[in-house]
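Hi,

Here is the structure I promised to pass on. Please open it alongside this note, and my findings follow below.

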Amino acid sequence: MKRTYRFTATVTDLKTGEREQVSDTAHFDHVVSRADARTAIGNELSWQKRPGAQITITD
């Protein structure tokens with residue numbers, strides 16, 4: 001069963017230092033809890049060099 005979560009987050013671009021609000025959808029190929037989804041979203045944003053703060057699942 002696939003799971004989709006919509007989220008908003010405040011991210012900081014590490015290259016410019018600018019902060020911005022982003023909204024997007026995260027898709028998972030398996031069942032995950034909201035807490036695990038929030039962790040995975042935060043990890044993905046960090047990997048993109050845009051650490052997220054105040055990640056909120058809006059689902």
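Start with Phe-7. Its relative accessibility is 7%, under the 20% cut-off, so Phe-7 counts as buried. Bear in mind that this is a predicted model.

Where does Phe-7 sit? Its place is in strand 1. What does Phe-7 touch, once neighbours within four places in sequence are left aside? One run of contacts is Val-22, Ser-23, Asp-24, Thr-25 and Ala-26. Ile-41 is also in contact with Phe-7. So are Thr-56, Ile-57 and Thr-58. Glu-18 is eleven residues from Phe-7 along the chain, and their C-alpha atoms are separated by 20 Å.

Now the sheet. It is open and has three strands, in the order 2-1-3, with antiparallel pairing. Strand 2 (19-28) and strand 3 (52-57) are the edge strands, and each pairs on one side only. From one strand to the next, the twist averages 25°.

Next, the pairing of strand 1 with strand 2. Strand 1 covers residues 3-12. Ten bridges join strand 1 to strand 2, in the antiparallel sense. Look at Thr-8 for an example: its bridge partner in strand 2 is Ser-23. In general, strands of a sheet pair through backbone hydrogen bonds.

Last, the helix. Helix 1 spans residues 34-47 and packs on the sheet. It touches strand 1, strand 2 and strand 3. The direction of helix 1 makes about 145° with that of strand 3.

Best wishes

Note on methods. Residues numbered from 1 in each chain as written. Predicted model: local features only at pLDDT ≥ 70, side-chain atom pairs only at ≥ 80, totals over all residues. Heavy atoms only, no water. Pairing = 2+ DSSP bridges. Helix = DSSP H or I, 4+ residues; strand = E, 2+ residues; numbered from the N terminus. Axes fitted to C-alpha atoms, helices over the stretch in contact; angles between N-to-C directions. Contact = heavy atoms within 4.5 Å. Buried < 20%, exposed > 50% of the residue type's maximum accessible area, 1.4 Å probe, protein only.
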